[in-house]
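Welcome! Here is a friendly briefing on one protein and its ligands, grouped by topic. Keep the structure open as you read.

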Amino acid sequence: MPPQPLAMSSLAALREGYERFDPRAYLQNNYLPPRADFSSEEFVVPWKLRCLAETFASGEICGRTLIDVGSGPTIYQLLSACDHFEEIVATDYLAVNREELGRWARGEPGTFDWSPFIQHVCKIEGRGEPWQEKERRLRGRLRRILPIDVHRPDPLGAPLRPPADALLSAFCLEAVSPDLAAFARALAHAGSLLRPGGHALLLGALGESFYLAGAARLPVVPLAEDDVRAALAGAGFALRDFRSYAMPPALRTGVDDVDGVFFAHAQKPPEA
Ligand SMILES: C[S@@+](CC[C@H](N)C(=O)[O-])C[C@H]1O[C@@H](n2cnc3c(N)ncnc32)[C@H](O)[C@@H]1O
Ligand SMILES: O=[N+]([O-])c1ccc2c(c1)CN[C@@H](CO)C2
């Protein structure tokens with residue numbers, strides 16, 4: 001049985017929800033204290049940044065282009081990646097998020113202050129790099145901010161030429177998919193942007209059914225760890241690393257009902 005197209009109602013409901021997505025509220029809910037607490041590795045943001053810093057530290061994941069799928073208004077997820085790729089391509093479905101990213105990339109005043117995140121990543125990378133250097137490098141390499149829709153087999157509307165050497169996606173696929181089958185399809189669609197042998201790094205929500213972003217209340221497909229593993233295998237990826245984090249009571253703030261966070265490092269098979 002070919003995959004059934006998503007029922008218009010579920011896609012339409014999602015699209016309508018995202019029309020009300022407020023980037024500033026989203027940033028406030030997830031990237032300021034208490035969630036953005038850098039005082040201990042037990043907190044969720046240091047855990048996410050460490051997963052990425054440790055994975056890139058090996059130097060195995062590198063190349064010309066890394067694409068970030070569903071970047072939203074955030075850049076934290078690119079801070080370790082940017083040392084290993086000449087070009088970072090950010091993407092999002094909403095113009096308001098692409099504009100927020102563009103303002104940050106151009107160093108315009110009034111954008112979100114990512115300096116605590118940049119300082120923390122420089123600290124855990126342990127090279128004594130001034131954080132302003134890292135910020136300058138990311139701004140210099142973040143050259144394209146493109147519209148994307150992971151429900152399309154060709155999410156960018158046209159193939160990425162050349163295909164990306166690495167793919168990153170954080171809290172996107174499960175937050176835009178009404179059910180598990182749609183999540184698995186979205187992962188496969190995103191995977192089509194990646195070259196054979198390329199690496200995929202995913203961060204996402206476990207056990208979450210909704211999240212708030214200002215006036216928007218977005219449905220999320222609740223994932224278990226095995227759902228992520230199965231979707232990666234189904235999309236043809238070989239799993240390299242899988243970690244999960246349980247959200248402590250202090251970080252369950254009502255902005256969503258997330259139970260935990262997963263980190264997956266997977267690799268697309270080399271050209272057959
Ligand atoms: C929960 S946010 C994740 C933002 C960021 N990556 C992070 O780590 O916080 C989900 C993002 O997916 C985007 N999105 C919504 N529908 C999408 C679609 N069909 N395809 C790709 N991205 C979509 C939203 O605009 C939003 O920025
Ligand atoms: O704890 N966090 O760092 C964190 C960051 C982003 C997000 C969550 C948790 C949970 N909700 C998702 C949207 O589905 C977005």
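## Around ligand 1

Asparagine 97 has a side-chain N or O atom 3.0 Å from an oxygen atom of ligand 1. Bear in mind that this is a predicted model. The scores for the model are ipTM 0.99 and pTM 0.96. Across the chain the average pLDDT is 96, and 97% of the residues reach at least 70.

Let's stay with this ligand for a moment:

- Ligand 1 is surrounded by 21 residues. The closest are Tyr26, Tyr31, Tyr76, Asp92 and Ala170.
- Tyrosine 76 places an N or O atom of its side chain 2.6 Å from an oxygen atom of ligand 1.
- Aspartate 149 meets a nitrogen atom of the ligand instead: one of its polar side-chain atoms lies 2.9 Å from that nitrogen in ligand 1.

## Around ligand 2

- Which residues are closest to ligand 2? They are Tyr26, Lys48, Glu208, Met247 and Asp256, out of 13 residues that surround the ligand.
- Glutamate 208 has a side-chain N or O atom 2.5 Å from an oxygen atom of ligand 2.
- Lysine 48 also points to an oxygen atom: one of its polar side-chain atoms is 3.2 Å from an oxygen of ligand 2.
- For aspartate 256, the partner is a nitrogen atom of ligand 2, which lies 3.4 Å from a polar atom of the side chain.
- Tyr26 is worth finding on your screen, as this residue is listed among the closest to ligand 1 and among the closest to ligand 2.

## The nonpolar core

- The largest nonpolar core holds 89 residues, and the members that touch the most others are Trp114 and Phe117.
- Helix α3, which covers residues 44–57, gives the most to this core, with 8 residues.
- What does tryptophan 114 touch, beyond residues up to four places away in sequence? Its contacts are Leu27, Tyr31, Pro73, Thr74, Ile75, Tyr76 and Trp104.
- Two of these contacts, Tyr31 and Tyr76, also appear among the residues closest to ligand 1.

## Helix α5

- Helix α5 spans residues 115–125 and is mostly covered, with 8 of its 11 residues buried.
- The buried residues are Ser115, Phe117, Ile118, His120, Val121, Cys122, Ile124 and Glu125.
- Which helices do the buried residues of α5 pack against? They pack against α2, α3, α4 (95–105) and α6 (131–141).
- Just after the helix α5 comes glycine 126, with a positive phi of about 65°.

## A buried glutamate

- Glutamate 87 sits in strand β2, which runs over residues 85–92.
- Is glutamate 87 buried or exposed? Its relative accessible area is 5%, so glutamate 87 counts as buried.
- The side chain of glutamate 87 makes a polar contact of 2.7 Å with the side chain of arginine 144.
- Setting aside neighbours within four places in sequence, glutamate 87 is in contact with Arg64, Thr65, Leu66, Arg141, Arg143 and Arg144.

## Cysteines without a bond

- A disulfide is a covalent bond between the sulfur atoms of two cysteines.
- How many disulfides does this model have? The count is 0, using a cut-off of 2.5 Å between the sulfur atoms.
- Cysteine 62 has its closest cysteine sulfur in cysteine 82, but the two sulfurs are 14 Å apart, so they are too far for a bond.
- The sulfur of cysteine 122 also has cysteine 82 as its closest cysteine partner, and at 8.8 Å this is too far for a bond.
- Cysteine 62 is partly exposed, with a relative accessible area of 41%, whereas cysteine 122 is buried, with a relative accessibility of 7%.

## Backbone features to look for

- Proline 33 and proline 34 are joined by a cis peptide bond, with omega about 5°. Proline 34 is in the loop between α2 (23–31) and α3.
- Another cis peptide bond leads from arginine 161 to proline 162, with omega near -10°. Proline 162 belongs to the loop between β3 (142–147) and β4 (164–170).
- Phenylalanine 171 is not a glycine, yet its phi is positive, near 55°. You can find phenylalanine 171 in the loop between β4 and α7 (180–191).

Terms used: Residues numbered from 1 in each chain as written. Chains lettered and ligands numbered in written order. Predicted model: local features only at pLDDT ≥ 70, side-chain atom pairs only at ≥ 80, totals over all residues. Heavy atoms only, no water. Buried < 20%, exposed > 50% of the residue type's maximum accessible area, 1.4 Å probe, protein only. Core = buried A, V, L, I, M, F, W, Y, C linked by side-chain atoms within 4.5 Å. Helix = DSSP H or I, 4+ residues; strand = E, 2+ residues; numbered from the N terminus. Contact = heavy atoms within 4.5 Å. pLDDT = per-residue confidence, 0-100. Near = heavy atom within 4 Å. Polar contact = N/O pair within 3.5 Å; in protein donor to acceptor, adjacent residues only side chain to side chain.
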